[in-house]
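I opened my notebook for a friendly first look at a new structure. Please have the sequence and the model beside you while you read.

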Amino acid sequence: MSEIEIKCLLCGTKTREVDDINFTATIEGREVVITRLTGTRCQNCGEEYLGADSLDKVEEVTKKFRKPVVVFKRKITTSGGRRVIGIPEEIDRPLGKKENVNLWLEGDKIVAEVY
Ligand SMILES: [Zn+2]
(Lines give C-alpha, C1' and ligand atoms only; values in the text may rest on other atoms or scores of the structure.)
Protein backbone atom coordinates (compact mmCIF):
# COMPACT_ATOMS: atom_id res chain seq x y z
CA MET A 1 0.00 0.00 0.00
CA SER A 2 1.38 3.38 -0.96
CA GLU A 3 1.35 6.43 1.27
CA ILE A 4 0.06 8.74 -1.41
CA GLU A 5 -3.03 10.51 -0.18
CA ILE A 6 -5.64 11.14 -2.83
CA LYS A 7 -8.63 13.32 -2.05
CA CYS A 8 -11.98 12.75 -3.70
CA LEU A 9 -12.56 15.16 -6.57
CA LEU A 10 -16.25 15.33 -5.79
CA CYS A 11 -16.36 15.87 -2.04
CA GLY A 12 -12.74 16.32 -0.90
CA THR A 13 -12.77 13.34 1.46
CA LYS A 14 -9.66 11.17 1.75
CA THR A 15 -9.85 8.07 -0.47
CA ARG A 16 -8.76 4.55 0.41
CA GLU A 17 -6.90 2.04 -1.76
CA VAL A 18 -9.07 -0.80 -3.03
CA ASP A 19 -8.69 -3.70 -5.45
CA ASP A 20 -12.29 -4.50 -6.25
CA ILE A 21 -13.33 -1.77 -8.68
CA ASN A 22 -15.62 -2.80 -11.52
CA PHE A 23 -15.30 -0.71 -14.65
CA THR A 24 -17.99 -0.73 -17.33
CA ALA A 25 -17.27 0.48 -20.85
CA THR A 26 -19.52 0.50 -23.90
CA ILE A 27 -17.55 -0.44 -27.00
CA GLU A 28 -19.17 -0.80 -30.40
CA GLY A 29 -22.53 -0.97 -28.65
CA ARG A 30 -21.46 -3.81 -26.38
CA GLU A 31 -21.14 -3.48 -22.64
CA VAL A 32 -17.80 -4.70 -21.35
CA VAL A 33 -17.26 -5.05 -17.62
CA ILE A 34 -13.72 -5.24 -16.27
CA THR A 35 -13.59 -6.46 -12.68
CA ARG A 36 -11.12 -6.40 -9.77
CA LEU A 37 -9.27 -3.25 -10.77
CA THR A 38 -7.06 -1.42 -8.32
CA GLY A 39 -7.41 2.23 -7.43
CA THR A 40 -8.92 4.30 -4.66
CA ARG A 41 -12.46 4.81 -3.39
CA CYS A 42 -13.91 7.76 -1.54
CA GLN A 43 -14.95 6.77 1.99
CA ASN A 44 -17.69 9.36 1.95
CA CYS A 45 -19.44 9.30 -1.43
CA GLY A 46 -18.10 6.07 -2.92
CA GLU A 47 -16.60 7.65 -6.04
CA GLU A 48 -13.90 5.39 -7.51
CA TYR A 49 -10.57 6.40 -9.08
CA LEU A 50 -8.67 3.90 -11.19
CA GLY A 51 -4.93 3.57 -10.58
CA ALA A 52 -2.38 3.89 -13.40
CA ASP A 53 -2.02 0.11 -13.78
CA SER A 54 -5.78 -0.23 -14.03
CA LEU A 55 -6.02 2.44 -16.70
CA ASP A 56 -3.45 0.49 -18.74
CA LYS A 57 -5.48 -2.67 -18.27
CA VAL A 58 -8.71 -0.92 -19.31
CA GLU A 59 -6.96 0.41 -22.42
CA GLU A 60 -5.64 -3.07 -23.27
CA VAL A 61 -9.01 -4.76 -22.84
CA THR A 62 -11.03 -2.13 -24.70
CA LYS A 63 -8.57 -2.28 -27.63
CA LYS A 64 -9.37 -5.97 -28.09
CA PHE A 65 -13.08 -5.26 -28.39
CA ARG A 66 -12.74 -2.36 -30.77
CA LYS A 67 -13.03 -3.06 -34.49
CA PRO A 68 -10.06 -1.95 -36.56
CA VAL A 69 -10.70 1.28 -38.39
CA VAL A 70 -10.02 0.96 -42.09
CA VAL A 71 -8.82 4.13 -43.75
CA PHE A 72 -8.73 4.41 -47.52
CA LYS A 73 -6.23 6.87 -48.92
CA ARG A 74 -7.33 8.78 -51.99
CA LYS A 75 -5.98 11.65 -54.06
CA ILE A 76 -8.23 14.59 -54.77
CA THR A 77 -8.59 14.91 -58.54
CA THR A 78 -10.01 17.70 -60.64
CA SER A 79 -13.03 17.25 -62.89
CA GLY A 80 -14.73 20.09 -64.76
CA GLY A 81 -12.83 22.64 -62.66
CA ARG A 82 -14.00 21.06 -59.40
CA ARG A 83 -12.05 19.01 -56.94
CA VAL A 84 -13.40 15.45 -56.71
CA ILE A 85 -12.89 12.54 -54.32
CA GLY A 86 -13.79 9.04 -55.51
CA ILE A 87 -15.68 6.82 -53.08
CA PRO A 88 -13.79 3.55 -52.59
CA GLU A 89 -15.83 0.52 -53.66
CA GLU A 90 -15.54 -1.02 -50.20
CA ILE A 91 -17.30 2.01 -48.75
CA ASP A 92 -19.73 2.51 -51.64
CA ARG A 93 -21.07 -1.06 -51.63
CA PRO A 94 -22.65 -1.00 -48.16
CA LEU A 95 -24.19 2.39 -48.98
CA GLY A 96 -26.43 0.67 -51.53
CA LYS A 97 -28.57 3.03 -53.59
CA LYS A 98 -28.32 6.05 -51.33
CA GLU A 99 -27.65 9.10 -53.49
CA ASN A 100 -27.76 12.07 -51.17
CA VAL A 101 -24.99 13.33 -48.98
CA ASN A 102 -24.64 16.05 -46.38
CA LEU A 103 -21.09 17.37 -46.20
CA TRP A 104 -19.48 19.44 -43.52
CA LEU A 105 -16.07 20.30 -42.21
CA GLU A 106 -14.71 19.26 -38.83
CA GLY A 107 -11.29 20.85 -38.62
CA ASP A 108 -9.48 19.40 -41.63
CA LYS A 109 -11.86 16.42 -41.90
CA ILE A 110 -14.63 16.33 -44.48
CA VAL A 111 -17.54 14.45 -42.91
CA ALA A 112 -20.04 12.88 -45.32
CA GLU A 113 -23.43 11.74 -44.07
CA VAL A 114 -25.01 9.61 -46.76
CA TYR A 115 -28.75 9.05 -46.89
ZN1 LIG B 1 -16.23 11.69 -2.34
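Below are my entries, going from the overall picture to single residues.

**Entry 1: the whole chain**

I began by noting that this is a predicted model. I then looked up the secondary structure and found two helices and seven strands. Reading from the N terminus, I wrote the order down as β-β-β-α-β-β-α-β-β. Next I looked up how spread out the protein is. Its radius of gyration is 23 Å, well over the 13 Å that the globule rule gives for 115 residues, so the protein is more spread out than a compact globule. I also drew a box around the C-alpha atoms along the principal axes, and it came to roughly 70 × 25 × 25 Å.

How much of the protein is buried? I found that buried residues make up 3% of the 115 residues. For contacts with a separation of 6 or more, I noted that 42% join residues 24 or more positions apart.

**Entry 2: two domains**

I looked up the domain division and found domain 1 at 15-65 and domain 2 at 77-114. How far apart are the C-alpha centres of domain 1 and domain 2? I wrote down 39 Å for that separation.

**Entry 3: the sheet and helix 1**

Here I turned to an open sheet of three strands, in the order 1-2-3, with antiparallel pairing. Why is one side of strand 1 and of strand 3 left without a neighbour in the sheet? Strand 1 (15-27) and strand 3 (48-50) stand at the edges and have a single partner strand each, so each has one side with no neighbour in the sheet. From one strand to the next, I noted an average twist of 50°.

I then followed the pairing of strand 2, residues 30-42, with strand 3: the two run antiparallel and are joined by three bridges. For Thr-40, I found that the bridge partner in strand 3 is Tyr-49.

Which strands does helix 1 touch? Helix 1, residues 52-65, packs on the sheet and touches strand 1, strand 2 and strand 3. I noted about 175° between the direction of helix 1 and that of strand 2.

I picked one residue of helix 1 for a closer look, Ala-52. Is Ala-52 buried or exposed? Ala-52 has 9 C-beta neighbours inside 10 Å, and therefore counts as exposed. I also looked up Thr-38, which is 14 residues from Ala-52 along the chain, and found their C-alpha atoms separated by 8.7 Å.

**Entry 4: the hairpin of strands 6 and 7**

My last stop was strand 6, residues 101-106, and strand 7, residues 109-114, which pair in the antiparallel sense over six bridges. I noted that they form a hairpin with two residues between them. Gly-107, in the turn, has a positive phi of about 65°. How many of the six residues of strand 6 are buried? The count is zero, and I wrote that strand 6 is hardly covered.

For one residue of strand 6 I chose Val-101. Val-101 is exposed, because 12 other C-beta atoms lie within 10 Å and the cut-off for exposed is 12 or fewer. Its bridge partner in strand 7 is Val-114. Val-101 and Val-114 are 13 residues apart along the chain, and I found 4.3 Å between their C-alpha atoms. Setting aside neighbours within four places in sequence, I listed the contacts of Val-101 as Ala-112, Glu-113 and Val-114.

Conventions. Residues are numbered from 1 along each chain as its sequence is written. This is a predicted model: local features need pLDDT of at least 70, side-chain atom pairs count only at pLDDT 80 or more; totals for chains, interfaces and linings use all residues. Two strands pair if DSSP finds at least two bridges between them. Helices (H or I, at least four residues) and strands (E, at least two) are DSSP runs, numbered from the N terminus. Axes are lines fitted to C-alpha atoms, for helices over the stretch in contact, and angles run from 0 to 180 degrees between N-to-C directions. Two residues are in contact if their C-beta atoms, placed from the backbone, lie within 7 Å. Domain bounds come from an automatic or database domain assignment. A residue is buried if 20 or more other C-beta atoms lie within 10 Å of its own, exposed if 12 or fewer, and partly exposed in between; C-beta atoms are placed from the backbone. The radius of gyration is taken over C-alpha atoms; the globule rule is 2.2 Å times the number of residues to the power 0.38.
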